[in-house]
Amino acid sequence: MRPSKPKQVSCPLCQGTTFKKKITTYPMQMFDGRQINIGRVSVQECENCHHLVPTEAGSEKISRCMATIAGLFYGD
């Protein structure tokens, strides 16, 4: 079995390919248009335009937080 290559990530805004990993607060739009900030999310920051791209672990945390918030605001 061949080892898999890491997936090449490019910035959705500027198409840059150089990133640095960091843990930061990540802004998310709520279902009703309000913005919330999710703390301690693992992201890759584009070194060209500073856009934040969540890592796989960061995306999972965002999904968990959004599900919890939906349950609080809209019932289970």
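This passage describes the fold, the strand pairing, the charged pairs and the surface of a predicted protein model.

The model is predicted, so that local features are reported only at pLDDT of at least 70 and side-chain atom pairs only at pLDDT 80 or more, whereas totals for chains, interfaces and linings use all residues. Residues are numbered from 1 along each chain as its sequence is written, and side-chain values use heavy atoms, with hydrogens and water left out.

The protein contains 1 helix and 3 strands, where helices (H or I, at least four residues) and strands (E, at least two) are DSSP runs numbered from the N terminus. Read along the sequence, these elements follow the pattern β-β-β-α. Of the 76 residues, 25% count as buried, a term that denotes under 20% relative accessible area, with exposed denoting over 50% and partly exposed the range in between (1.4 Å probe, protein chains only). The accessible surface comes to about 5800 Å², and 53% of this area belongs to carbon and sulfur atoms; accessible areas were obtained by the Shrake-Rupley method with a 1.4 Å probe, and for residues only the protein chains shown count as cover. Among contacts (heavy atoms within 4.5 Å) between residues at least 6 apart in sequence, 42% join residues at least 24 apart.

Strands β1 and β2 run antiparallel and are joined by 10 bridges, two strands being taken as paired if DSSP finds at least two bridges between them. The two strands form a hairpin with 5 residues between them, and Gly-33 in the turn has a positive phi of about 100 degrees. Within this pairing, Tyr-26 stands opposite Ile-38 in β2. Both of these residues are also touched by Ile-62, which is located in helix α1 (residues 56–74). Ile-62 is buried, with a relative accessible area of 8%, and, when residues up to four places away in sequence are not counted, its contacts are Tyr-26, Met-28, Ile-38, Val-41 and Pro-54. Although Ile-62 and Tyr-26 are 36 residues apart in sequence, their C-alpha atoms are 8.5 Å apart in space.

A search of the whole structure finds 2 salt bridges, each defined as a side-chain nitrogen of Lys or Arg within 4 Å of a carboxyl oxygen of Asp or Glu. Side chains of opposite charge can pair when their charged atoms come close. In one of the salt bridges, the side chains of Glu-45 and Lys-22 meet at 3.3 Å, N to O. This pair links distant parts of the chain, with Glu-45 in strand β2 and Lys-22 in strand β1, 23 residues apart. Glu-45 is buried, with a relative accessible area of 10%, whereas Lys-22 is partly exposed at 33%. Asp-32 likewise forms a salt bridge, with Arg-34, and the closest N and O atoms are 2.8 Å apart. Asp-32 counts as partly exposed at 42% relative accessibility, and Arg-34 is partly exposed at 44%.

The surroundings of Glu-45 extend beyond its salt bridge, since a polar contact of 3.3 Å joins its side chain to that of His-50. A polar contact is a pair of N or O atoms within 3.5 Å; within protein, one atom must be able to donate a hydrogen and the other to accept it, and residues adjacent in sequence count only if both atoms are side-chain atoms. With residues up to four places away in sequence left out, Glu-45 touches Thr-18, Phe-19, Lys-20, Lys-22, His-50, His-51 and Leu-52.

His-50 lies in the loop between β2 and β3 (52–54) and is partly exposed, with a relative accessible area of 48%. Most residues other than glycine have a negative phi, and most peptide bonds are trans. The phi of His-50, however, is positive, near 65 degrees, and Arg-40 also has a positive phi, near 55 degrees. Arg-40 is found in strand β2 and is exposed, with a relative accessible area of 64%.

At the surface, Phe-31, Leu-72, Phe-73 and Tyr-74 make a nonpolar patch of about 510 Å². Patches are made of residues with over 30% relative accessible area and no salt bridge, like charges being joined within 9 Å and nonpolar side chains (Val, Leu, Ile, Met, Phe, Trp, Tyr) within 5 Å. Phe-31 belongs to the loop between β1 (19–29) and β2 (35–46) and is exposed, with a relative accessible area of 54%.
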